[in-house]
Each structure stands twice: as C-alpha cells, then as structure tokens.
Amino acid sequence: MTKWVYTFGDGAAEGRAGDKNLLGGKGANLAEMCSLGLPVPPGFTITTDACNHYYANGRAYPDTLEADVDEALGHIGRITGRSFGDPAKLLLVSVRSGARASMPGMMDTVLNLGLNDETVEALATDSGDARFAYDSYRRFIQMYSDVVMGLDHEVFEEILEDQKASLGYELDTELSAIEWQGVIALYKAKVEEELGKPFPQNPREQLWGAIGAVFSSWMNARAITYRRLHDIPEAWGTAVNVQAMVFGNMGETSATGVAFTRNPSTGEKVLYGEFLVNAQGEDVVAGIRTPQNITEAARIAAGSDKPSLQKLMPEAFANFVAISDKLEKHYRDMQDLEFTIERGKLWMLQTRSGKRTAKAALKIAVDMAHEGLITKEQAVARIDPASLDQLLHPTIDPRAERNVIGVGLPASPGAATGEIVFSSDEAEELKSQGRKAILVRVETSPEDIHGMHAAEGILTTRGGMTSHAAVVARGMGKPCVSGAGSLRVDHKAGVLIALGATFKKGDVITIDGGNGQVLKGSVPMLQPELSGDFAAIMEWADGARRMKVRTNAETPADARMARSFGAEGIGLCRTEHMFFDGARIVAMREMILADTEKDRRAALAKLLPMQRSDFLELFEIMAGLPVTIRLLDPPLHEFLPKTEEEVAEVAAAMNVSADKLRQRTEALHEFNPMLGHRGCRLAVSYPEIAEMQARAIFEAAVEAGRKAGALVVPEIMVPLVGIVKELDYVKARIDQVAKAVMDESGVKIDYLTGTMIELPRAAIRAHVIAETAEFFSFGTNDLTQTTFGISRDDAASFLETYRQKGIIEQDPFVSLDRDGVGELVRMAAEKGKGTRPSIKLGICGEHGGDPASIRFCEEVGLDYVSCSPFRVPIARLAAAQAAVAK
C-alpha cells in the first residue's frame, strides 16, 4: 500500500535528506535535522506522490490520506502532550509547501492553524499573554483568508493601517490584546462581506483547506512562471509539511529569523542573516518590518543602532552558531536556515542549500575545496554554468560621478540603468519594446516574478537582504537594492520621491547592487574582470574536460573577447557579416547587380583585400589556434535594399537606375529563402564568390604564418551541403585556388575542407559526405529548423503554447532536441567516423553554449563546441561537468 505521510520529531524521522523527490526539499531536510538530534518542532510530510495523485484524479485526495493525516496528528500530539482542536490541550500547526527544488516565496504557507474564537482564549490562558494570542489569531485570519479563501491580504493591511492610524500607532507591536480583538472583529466582518460566508471555525476544516491550498499553489501563476524560468518540471509536484507551531511573537524573549552559513552575495565565510524580535517568519521575508542583524560584526558594518541577536539573546545565538556549523559540515554546502526562538528556546524550521550569486558560488566552492569539505571535481560540479552570466554584468566605473539620490541595502550585485517603472506589467511592456526598465516597488511579492525577469534591476524601499526581492534577484542575477527607506514610492501618483526631488515613470536611474546606492540618470559602466576564484574553477574545469571550446566570431573585438574568456579557436566565422559595412556593401551590391561573370569578378576583386585583411587579423588574434571560416551562406537578396526609399538612396549612391535595382531585387526574391538559393548552392551557381573567399583565406594564412613564424591551418566550411557532389564541386574550386596561392607564394598551405551538417539528408548521408569532408560542424540552428519544419523566426508565436500544454518540455532552439535533432547528430557522427576515423566533429549553433546541449555533445563524442564569446566560460564549465558525469 502506498505510504502518503511520513512523520518526524523527537530525534527520529521516517525520511532522510535523500528522499527529497518524495518529501520535497523542506520535508526531507526537516527529517534529516531531526535524525541529527537538532531541535525541530515535530510534524509530518504529505508526499509529492499525493500531489500528483491529486492532479491526476480531478483534485481528489488518495482514499487513505485522511486516516494517515489523523494518525500523524496523533504522533505530533504524543510528542508535544497536546491535541489538535482540543482547547484544553491546544495544538496549533503550520502548513507549508515544499517542492524538491527550492522555490522561494513561490507557493503558499499558513501559520497558527487551529485558532478560532474559542481556542484563541485557550492560547491566551496557556501562554499567559493575551496580546500574543490575539496577534496570532489575526495573523491566521489574514493568511488563511488570502491563501485558502482567495481574499487579497491587502484588504486586511488596509484595515490594520487604518486602525493603527486612528490609534496613533506606527508599529503592529504597539497594539494591545483588546485592540487586536477589535481588528479581528473587522477582519471577520470583511471576510463575510467579501465572500458571503463566515471565517471557518472548525480546525479540521481549516487543516484540509490549507492542505488543498498548498497542492493548488503548485499550479498558481507565479509558481508556473518560476518553474518555466528555472526549468522545473510540472510533474515533480509539491509536498505539504505540517508542523507543531512554535512562536516567535511571544514577547521580547521570542524572535524569528533567516540566516545563511556564508554570505550569499560574496561567499565570505561569515554567518549572514537577519531576525525580528516578537515576530513570525513571514514578517522577515515579506519585508514589512526592517530586520536586525544576527551578528554584532554585521550590525557594526551596517551602522545599525538596533541590537544584534548575539547581544540580545547570547545563549540562543551560541546554540544557533553551533547548529549552523554542524549543518554546513553535514551537507558540505552553504545552508539557508530559518529559525524561531520561543521564550529563549531555539527551534530550527528549515535548512536547504542556499541560493547564491555566481560570485559567491565560485568563492564557496573554491574555499570548501581548500577546506577539504569537497573535492576539486565536486567544486566544479557545484557551479551552475548558466549562472556565470552574472559575472559578466557591468559595474559602475569608479571614476564616474555619482549623483546619489538614496541608499538601501546591497541585496544583489551588479549595476543597472533603466527607465523607472512601478509595475511588473510596465517592465514587461518596456522590454518588449527593446527598452530597459528598473522595477521600483515598496516591496516585491511573488506576483512580481515576470516583471523582475523583464527588468534590468530591482529597487525596493522596504525589506532586508533576505526579502523576496533580494532572494529572487540574486537567483536571477539581477542587480537589486532593497530597503531604501529614504525613498518614497507613491503608486497612485506614479512617482518616486528622493531627497525632495520627484521622479516619474520613464525617468532614468541607475542602481548599484554592490553598495546599495541609487543614482540619478545613466552612469558609465565597466566590464568585469574574471580572476581569482573564477580562474581557479576554470583551471580545474579545463583539467577535467575533454571537449575543446571555440567561439563564434567574425569581428576582431569578438575574437579578442572570446580569447580573454578562454576560447580555443574559432568554430564559426560567418563571412556574410563582414560585407555589411561601408565600401564593402557597395562592392557586394555591384557584384549582385553584375550581368556577367566578368563584371562579378571585377566587383569581387574589390572585396578580396578587405576579406584578406579580416582573415589575417583573426588568424593573428587566434595565434595558431584553429579558425573555421564558413563561406557565404545567406541568399543574395539579403544584401539589397528593401524599401522604396532605400532603393532610391542606394541607386543614387551606386549610380545605377532604381528600376534595375528593383528588378534585380524582385528577381532574387524567394518565397522561402531559408530553403532557397543559399549556402553551397550559391557557390555552385557563382563559383567565383567561393574562389574569392578561398583566395582571401589562403593569402591571409600565408601572411599570418610568415609574421608568426608558424604554420596557420585554416578550416574552410561549405554550408548547407545535402548532396556530396555539391561539396565535391566546391572543394575542387577551393583546392584549385589553394594550389594557385601556393605556387604564387612558394609556401605550402595545410588546410581542411569540411561542411556544416544542417540538413537531415546530410545527416543520413554523412558516411558518403565524409569521403570528401575532413570535418563536420553541426549547424543545429538550421538543423532544428529543417528537422521540425519550423521557422525559428516565427516559432515564438506558438512554441510557448506548446510548452505550456506539455507538448514540448523545452524550446528546441534553446536546448537541443535529443530525440529528433540529437538522433540525427548522433547518426551523422557515427557514420562520419565510420568512413573517416580522424574526422573532426563540432557544433556551432546556439546550442554550443547551452549546458544541457553540451552534455549531449559529450555523450556523442564531439571534439568541440563553439558558442558566442560571452558563453565561452559557461561552455568550458559545462563541458567539464559533462566529462565528469560521463
């Protein structure tokens, strides 16, 4: 019989850390902490299998679940000496979600469950603190009404703010028990007014309502968005954790907090976190009150006059430090901890591997390897390759003038400039227009996930370093400044008020997530330098990987950038990109408009020295590393003007008639250019184009070799080959030019001729094509288009719908389709090696920089991947991880 519920408490647990697929991360780690003998409130976990059953069966629970939950409530009762729903021995519980992957703030939580008009009085008597009891009850009504009943929490915030204003109070903690009773009466009346039914009083009804809400939250909009952004499968489901309540809001000897065992922004080995006295957990992460520092050192560094936990509750602090150290050593990773202190006693509510910036991840991995906690291979495996993008964000030039209009907390590093927007929808709208936004909010909530993703950076006026905005921004690699209390946001008026000045939507500001400053206007930025911990991880990664990593580059700037990131050659030089500048485009158009081969050759002769100069510079930058140059690929009409205005302008500049230009454009027009007269088909129709490019390559190779005193071995790639005779024809022209250049220069040239595999026919006939081709480079952008029959430029209109409806898991243009396109790559690689064992195999589509696709390339035995310059470090790391995993 399926086991749906697992219990933990009093030093024993039915689950362990390794059960996170079944119990979710939170449940598995609660069980593990219990087994380690740490102070964890007793409870139980309803499995992710129960969640999947719930959705597979029309939102119905498994038959035995109710009985299993009753038995588990009895387990909590036996440990605590209390009974759920019994005012005489009152047991209150929390209900929290917990998926196997950490999803901060994405799903729903209910605290203080079991309170009603009767049990609140029992809690007041039991605790000896009526104010605490009624504060807990109003929190429960507010949270339960929002999460379970669907009544927005802001409705209750308005009531509370009105009451505080009428009483002349600033803080929630100033309200007395009687005043809280008045608020509760208003809350309950509002529930009945808005929903047409009273707030539920039956604790069992409350419990099942909360369990259903957690399961339902797995499919709420913000959870779906988070899963999409972080590639978390819907099929994983979420677990439900039910625990005996412990109270951080039981007076001045109680507190609640969140901490990391190392600094999640820098990776420094110091306890990093915040707490609030006389509060519950959501107060810290929601950013409603600005929290206090846990350590005295952090308090001094922050310039805070509020006492640290270290000073305020030294015994609880000492216990917490010892537990933090124990958990980090046990998990061998930086931990994100939640805790509550109830009347001086410390309780641990959560541990999980902490989210961190890429910079922190590198430092933590390197330091832990040096500390002997993990191996170098494990350190390499710890870094998410995609997260290295965060290190490539600009920072503010230290010489730049800073017009500071406010200062908050440096919640997520990097700097960003953009137009002020006050809502997530506005941020998305600006991004769709190609404009940059800074999302400015009092505080963010999980509903803002889409706007945070669209914005360049996030600025909040409330909240701490562990607020929702801070945690999510760090995970996304977005700069964030939180808790900028000197700034005021007026949402209704649509303005940000800073130092007496008013900034409206559309005004430009800059935020510095490294020091918390908010600056007026746009500020000069510096590109980052990669060294230190990054260099150590890259060195270890390079030692572990088998595949080489090249770059896609045709400009000297891109080539130099890629070399600085560790590229080991050029895997794709798109020569067509070289023809769009100034005099080049004129000569190119002359060639296209020419009526005879003689005239075409005359125009190409003008392009030859330009191409030779381009290739020479690339060969010199790559200094003996391989350079793969693709012959002209796009159809010729792409080089001609499109609009009537452009036609007239170009005709005048070239001294030809507009009619002739228009007629040539119309003659070259194709209904489906992507499958039209392009690639090797151009070289067959107009061999003089390929001959000019081959001559430029060989002459540049000779000159670069003379300058360097070493042989340069160019790799010439013929695109879009589907029939071996196409490649034979073009290769014969290349060989003919090579011989001519060797005869003219007296220098022997070594070179390779190969092709891009970007058509299914080429993959199927790879064994024949390999008789001529000395290398294959898989052009997976076009291979994906031709395999699926989908235009990459038009697919966005429906691929996301396909993903949402479960037809595809991933956009195949982002991550390689293993089953279809991948099978063609595997087949071509095997067939190619069967014919020519020494054949060189690489990939040069966008997939060359995608970690999941790189894993596949390692599996099928490719020799290299090639990607854009800024993805070279990502590819180096992903290739190492793939090699280690294999």
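**View 1. Strand S17, helix H16 and strand S18 form a right-handed β-α-β unit.** The model shown here and in the other views is predicted. Strand S17 covers residues 415-421, helix H16 covers residues 424-432, and strand S18 covers residues 437-441. S17 and S18 run parallel and are joined by 3 bridges. Within this pairing, Val421 has Leu439 of S18 as its bridge partner.

**View 2. Strand S18 also pairs with strand S19.** S19 spans residues 457-460 and runs parallel to S18, with 4 bridges between the two strands. Ile438 of S18 has its bridge partner in S19, namely Gly457. Strand S18 is thus shown with bridges to S17 and with bridges to S19.

**View 3. Strand S18 is mostly covered, with 5 of its 5 residues buried.** Which residues lie on each side of S18? Ala437, Leu439 and Arg441 are on one side, and Ile438 and Val440 are on the other. Both faces of the strand are covered. Two of these buried residues appear in the earlier views: Leu439 as the bridge partner of Val421, and Ile438 as the bridge partner of Gly457.

**View 4. Arg584 is a buried arginine in the model.** This residue lies in helix H21, which runs over residues 582-593. Its relative accessibility is 17%, and because buried means under 20% relative accessible area, Arg584 falls in that class. A polar atom of the Arg584 side chain lies 3.1 Å from the backbone oxygen of Met578. Apart from neighbours within four places in sequence, Arg584 is in contact with Met578, Phe579, Leu607, Met610 and Asp614. Met578 therefore appears in this view both in the list of contacts and as the residue whose backbone oxygen lies 3.1 Å from the side-chain polar atom, within the 3.5 Å limit for a polar contact.

**View 5. Asn278 has a positive phi although it is not a glycine.** The phi angle is about 55 degrees. Asn278 sits in the loop between strand S10 (272-277) and helix H10 (281-285). Is this loop residue buried or exposed? With a relative accessible area of 7%, Asn278 is buried.

**View 6. Arg343 is another residue other than glycine with a positive phi.** Its phi is near 50 degrees. Arg343 belongs to the loop between strand S12 (335-342) and strand S13 (345-353). The relative accessible area of Arg343 is 43%, so the residue counts as partly exposed.

How values were computed: Residues are numbered from 1 along each chain as its sequence is written. This is a predicted model: local features need pLDDT of at least 70, side-chain atom pairs count only at pLDDT 80 or more; totals for chains, interfaces and linings use all residues. Side-chain values use heavy atoms; hydrogens and water are left out. Buried means under 20% relative accessible area, exposed over 50%, partly exposed in between (1.4 Å probe, protein chains only). Two strands pair if DSSP finds at least two bridges between them. A crossover is right-handed if, with the strands pointing away from the viewer, the path from the first strand over the helix to the second runs clockwise. A polar contact is a pair of N or O atoms within 3.5 Å; within protein, one must be able to donate a hydrogen and the other to accept it, and residues adjacent in sequence count only if both atoms are side-chain atoms. Contact means heavy atoms within 4.5 Å.
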